[in-house]
Amino acid sequence: MPPNESIATKEAPQKLPFSIAIKITSAILWAFVFVSFIISFSLQKNTEQALEHSLSIDADNLAYELLTWLTDPGAQSLSTVNPFITDYLKNSDFKAIKIETAGKTITEGEILPEYSILSRKLPALAGNTNTPTSETRITAYHIPLKSLVRTQRIKMLVIIGSGLLVFGVFLTWLIHIIVIRPIKELVAATREVSEGNRDLRLPPVKRDDEFGVLNRFFNQMLTRISSQHNELEYALDGANAANKAKSAFLANMSHELRTPLNAIIGYSEMLQEEASERGLQQSVPDLEKIYIAGNHLLSLINDILDISKIEAGKMNLYIEEFEIPALLNEVSNTISPLLRDNQNTLDIQCPDDIGTMCSDNTKVKQTLINLLGNACKFTHQGKITLTAEKKTRDQSEWIFFTITDTGIGMTTEQMQNLFKSFTQADVSTTRKYGGTGLGLTISREFCKMMGGDITVASNINEGSSFTVILPLQAEPPATDDVSTQIASPAHARFPKDLSRLIVSKERRKKISTVLIIDNDPTVRDLMKRVLIKEGFRAETAYSGKKGIELARELRPDVITLDVMMPDIDGWDVIKTLKEDPDLCEIPVIILTMVDDQKIKHVPGVTEYLIKPLENDRLLAIVKKCVRKQQP
Amino acid sequence: MPGEINITMIKILLVEDNEMNREMLTRRLEKQNFEVVTADDGQQAIELAETVSPDLILMDMSLPIMDGWEATRQIKANPETAKIPVIALTAHAMTGDRKKALEAGCDEYDTKPVDLDRLTKKINSLL
């Protein structure tokens, strides 16, 4: 990322250095304001006294001057005193003066009620015609001392304040140069480094103070970080390359190993048949040993491949709907040779109406076969039970498969190591019973991928019980299946697969989707097969409720709907579909046992088909509906 | 069981690139009274499907020149060969191939190494 751009786009953190400057400046200013207030208050008392004193002297002077003026031989009469007083007022702090003598009053200046007063008396002077014969009283008016002091103080504050302001600005500037600027530079540099610019270095400063040291060590730290980062990148590249090589190697090896194994297993099986046909009975057990060992080797290779795919996160889920009894039947068929080996019996307990589940068929099967295989391995002449039951927990439906044996059991310590890769109950188990120790790890990982888990309970010498808990409806994997398949080691060998897979996905997008809602599995399978063969994408739902869910998810081009279903019947499904603005346009083909033309006139029904289905008719109707949908 | 059905000599096209496996499977199928025609790659398989018109095709999926997925798609796209049932044979490693095989147009699916009993059952169910 270009550093300038990144700084410009991030406004918020830039306030930080300014806020420090503002904090320091305002702290200084507040300190100055506080100091100037203290100074002005301490001066107030003195100022008041000084003013009082000076006014009193002024009043004395006035009286004296007036007396001098009146006693002057060439002086004018009292009646002409006004200009003198006017003159005097101009140069004094007094605002007005009043002279009272022999019942006569002379006032100069305006007298306001709030004015303070200073009075002086002149004695009666005899012998001068101009002079008043009676006592003369002089009253001088001035602004009250408090107001005078206040004005004075404001003046003082303004002078001190502006002086301090200038000083404060200067001080702030100084702080900015010495402290704030280096901090801002450091912040900007740190941010750039944190955003990934590892080549950045601060310009060296010629300062011996803390900032000089900080600058030096900061640069040292950056050099250190970038060299460590380079080492890490180098190591990571190496690790990635090694991991890729491992995946490619495993994929190649599994393919390469499988091909000769195919021949070993196939030929040994064929030779067994031929040997017994030709009466070479003593060779048969030996050939059987080759055959068994070949199969064992194959299962080991498969386990190692599975675990490495799981570890690389390249194991994909393929969720489909399947019948649980059919699954158990298949599992029991696969396991029957192993049962015979140790003379064990298998008891399967499964309710007939257990129905279907949506999960990865192959992985559920593999998990059950693995657990049953273990049970067979560790039990002699005993009984193995496989139960399947539906349970509701936390408002969702789960399937519990429990495999119980009457075998050797395990101690608590052995159980703790059970699900770790390459670890069996203990080392002696491997020697005695064989196996990679991967089976349980793989099974548990599979169950976790499908949203479930495996739990175990066991008592030494009494037997073990493993429970596979799986959601009835597994969530489809979040990843895009095409991209994950391209990344998988199995395809890494064929680069041409990549373009083909992408093309096939694009092609699939244009393929029309048909949603089959039917509770009869044979009908579902049959219709699916017929439609897929004809180039449709066919998805199935085993109930009305599930069908509506799938319709919302898939937005199919056509829906086929069985009328008779246990949970919600077909008519209710149609009603729900037609009420949904997203789904109401999808044509619905009704499947019914009764041939009744009236069905076609039920609102929401586009077409109808009569069971048992004829494939040609099904295809014709579906195609007609698709054409209507996409003119 | 196979004897009854195979009186008319059912013709199987076996597509497999590994010589040893091809020979082995051919011999084993022939022992079950099937007539076996072999192809080494996908391209050959398409040509043979048209010229010899087999009753069924056993298709290995990882093939040189043209792989089994593409070959199946082309066979199913050709109206002359579309009706021939195809059984996909894949390695265990590719879990989910069953779904992929059915989507490519295959009628059945089996994993290698082949379990002949299981495979024969599947072949007979499709004929």
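These legends describe close-up views of a predicted model.

**View 1. Asn21(B) and the residues around it.**
Asn21(B) sits in helix H2 of chain B. That helix covers residues 19-31. The relative accessibility of Asn21(B) is 4%. Buried means under 20%, so Asn21(B) counts as buried. Its contacts include residues of chain A: Thr259(A), Asn262(A) and Ala263(A). Asn21(B) also touches Glu16(B). Residues up to four places away in sequence are left out of this contact list.

**View 2. The salt bridge between Arg28(B) and Glu273(A).**
Arg28(B) forms a salt bridge with Glu273(A). The closest N and O atoms are 3.8 Å apart. Arg28(B) lies in helix H2 of chain B, and Glu273(A) lies in helix H5 of chain A, so the pair joins two chains. Helix H5 spans residues 210-277. Arg28(B) has a relative accessibility of 1% and counts as buried. Glu273(A) is partly exposed, at 27% relative accessible area.

**View 3. The salt bridge between Glu273(A) and Lys31(B).**
Glu273(A) also pairs with Lys31(B) in a salt bridge. The N to O distance is 3.7 Å. This pair crosses between chains. Glu273(A) belongs to helix H5 of chain A, and Lys31(B) to helix H2 of chain B. Lys31(B) has 34% relative accessibility. The buried class ends at 20% and the exposed class starts over 50%, so Lys31(B) counts as partly exposed.

**View 4. The salt-bridge network.**
Several charged residues are linked in a network of salt bridges. From chain A, the network takes in Glu269(A), Glu273(A), Glu274(A), Glu277(A) and Arg278(A). From chain B come Glu23(B), Arg27(B), Arg28(B) and Lys31(B). The pairs of Views 2 and 3 involve members of this network: Glu273(A), Arg28(B) and Lys31(B). Over all chains, the structure holds 26 salt bridges.

**View 5. A salt bridge within chain B.**
Here the side chains of Asp110(B) and Lys122(B) meet in a salt bridge. The distance from N to O is 3.9 Å. The pair links distant parts of the chain. Asp110(B) is in strand S5, residues 108-112 of chain B. Lys122(B) is in helix H6, residues 116-126 of chain B. Twelve residues separate the two positions. Asp110(B) is buried, and Lys122(B) is buried too.

How values were computed:
Residues are numbered from 1 along each chain as its sequence is written. Chains are lettered from A and ligands numbered from 1 in the order in which they are written. This is a predicted model: local features need pLDDT of at least 70, side-chain atom pairs count only at pLDDT 80 or more; totals for chains, interfaces and linings use all residues. Side-chain values use heavy atoms; hydrogens and water are left out. Helices (H or I, at least four residues) and strands (E, at least two) are DSSP runs, numbered from the N terminus. Buried means under 20% relative accessible area, exposed over 50%, partly exposed in between (1.4 Å probe, protein chains only). Contact means heavy atoms within 4.5 Å. A salt bridge is a side-chain nitrogen of Lys or Arg within 4 Å of a carboxyl oxygen of Asp or Glu.
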